[in-house]
Amino acid sequence: MIGASELAAAQGAYTFMAGALITLVVGGVILARRFGGGLAPWAWGGVAFVLSQAARLPALTLISALVIGSTAPESGSATWALSVVVASLTAGIFEEGSRALILATAAKRVRSEGSGIAFGLGHAAIEALIFTLLPSFAAIALLSGAADGSIYENLSAESSESLTTAVTFLSGHNIGVATLAITERIFATVLHITLTLFVLRAVQQGGGRGELARRLVLPIALHTVANLSTVLLLPVIGILGAEVLFAAVTLGVVAYYRRTRAAPPAPAPEA
């Protein structure tokens, strides 16, 4: 039986995380308006994320079924590692591809670095909303219902047992884990902004579809490595180590963008 104090502590942690995420999203909107000269670039970034997931999730489901099978792999196994590679690679391909598609077609006015930052903020905000903020609200509601017993009303014994398992899992959430999740979102936002700037640069350089696809290899690879290294090493280095690694990779991506942006053009070959 889960104690009332545990439920209250977990609910408080999720509430803290939800509040921090709302602050992050709202702050991103304010910054996007400042950097982008309006909210259109921010909105297009959100559209790009939704489009990427609408295409990626069915593809990921199909690939996983064909390559990995229907049984959930054991953490640390070869099959699990393969599933992480597939998930990370598809995230890179579809998210960066979606950014490029929107920037090259619907969002042709997004061409300055400031508007690119706003675009990246929009992409990160919708991701945080769908994958972190909404689940936090659901967890708060579930824990609240578990505390007063209302969620168990009129449920069968089997359903009650399944619900208790979910509540037990959620009750393990604490302020420390919430803080790590918020920190990860901040670095994920920075990563999305920087990858957007890489994609924007690739689109601005012109050329045909083949040239654009070639230039997208870099942001796709950077995105894949950021996801892959963190998740793949999680069983070895733990959640704190994984978050530190993700932060380090993100800062490395930012440093590489700044270095390549500032690099002078290569001298023309001598005749």
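Partly exposed here means a relative accessible area between the buried limit of under 20% and the exposed limit of over 50%. By that yardstick F131, at 44%, comes out as partly exposed. The model is a predicted one, and F131 is a handy way into its aromatic pairs.

A search through the whole structure turns up 3 aromatic pairs. In one of them, the ring centres of F49 and F131 sit 5.7 Å apart with their planes at 80°, so this pair is edge-to-face. The two partners come from distant parts of the chain, F49 from helix α2 and F131 from helix α4, with their positions 82 residues apart. While F131 is partly exposed, F49 has a relative accessibility of just 1% and so counts as buried.

Another pair is built from F198 and Y256, whose ring centres are 6.1 Å apart; the planes meet at 25°, so this one is stacked. Here too the pair ties together distant parts of the chain: F198 belongs to helix α6 and Y256 to helix α8, 58 residues apart. F198 is buried, since its relative accessible area is 4%, whereas Y256, at 30%, falls in the partly exposed class. Ring pairs also bring in Y257, so that F198, Y256 and Y257 form a cluster.

Now for the nonpolar cores. The largest of them holds 20 residues, and the ones with the most contacts inside it are W42, L121, L191 and V253. Helices α2, α4, α6, α7 and α8 each give two or more residues to this core, and the largest share, 6 residues, is from α6. V253 gives a feel for how the packing goes: beyond its neighbours within four places in sequence, V253 is in contact with L191, T194, L195, F198 and L222. F198, the buried member of the stacked pair, thus turns up again among the contacts of V253. Apart from this core lies another, of 19 residues, including M17, L133, L143 and I182. As a general backdrop, nonpolar side chains in soluble globular proteins tend to be buried together.

That leaves the empty space. The largest pocket has a volume of about 1,100 Å³. It is lined by 37 residues, of which T132, E184, R185, V231 and E243 are the closest to the centre. Eight helices give two or more residues to the lining, namely α1 (4-36), α2 (40-67), α3 (78-104), α4 (113-148), α5 (157-170), α6 (175-204), α7 (209-232) and α8 (234-262). Helix α6 gives the most, with 8 residues. In terms of chemistry, the lining of the largest pocket splits into 21 nonpolar, 10 polar and 6 charged residues.

The second largest pocket contains about 230 Å³ of space. Its lining counts 13 residues, and those closest to the centre are I117, I193, T194, L197 and V254. At least two lining residues apiece come from α1, α4, α6 and α8. The lining of this second largest pocket is made up of 9 nonpolar, 1 polar and 3 charged residues. T194 links this part of the picture back to the core: T194 is one of the residues closest to the centre of the second largest pocket, and T194 is also in contact with V253. Helix α6 keeps coming back as well, with the largest share of the largest core and the most residues in the lining of the largest pocket.

Key
Residues numbered from 1 in each chain as written. Predicted model: local features only at pLDDT ≥ 70, side-chain atom pairs only at ≥ 80, totals over all residues. Heavy atoms only, no water. 1 Å grid on protein atoms, 1.4 Å probe; cavity = no way out; pocket = protein on both sides within 12 Å on 5 of 7 lines; lining within 4 Å. Points joined across faces, edges and corners; volume = space filled by probe spheres on them. Helix = DSSP H or I, 4+ residues; strand = E, 2+ residues; numbered from the N terminus. Nonpolar A, V, L, I, M, F, W, Y, C, P; charged D, E, K, R; others polar. Core = buried A, V, L, I, M, F, W, Y, C linked by side-chain atoms within 4.5 Å. Buried < 20%, exposed > 50% of the residue type's maximum accessible area, 1.4 Å probe, protein only. Contact = heavy atoms within 4.5 Å. Phe/Tyr/Trp six-rings, centres within 6.5 Å; stacked < 30°, edge-to-face > 60°.
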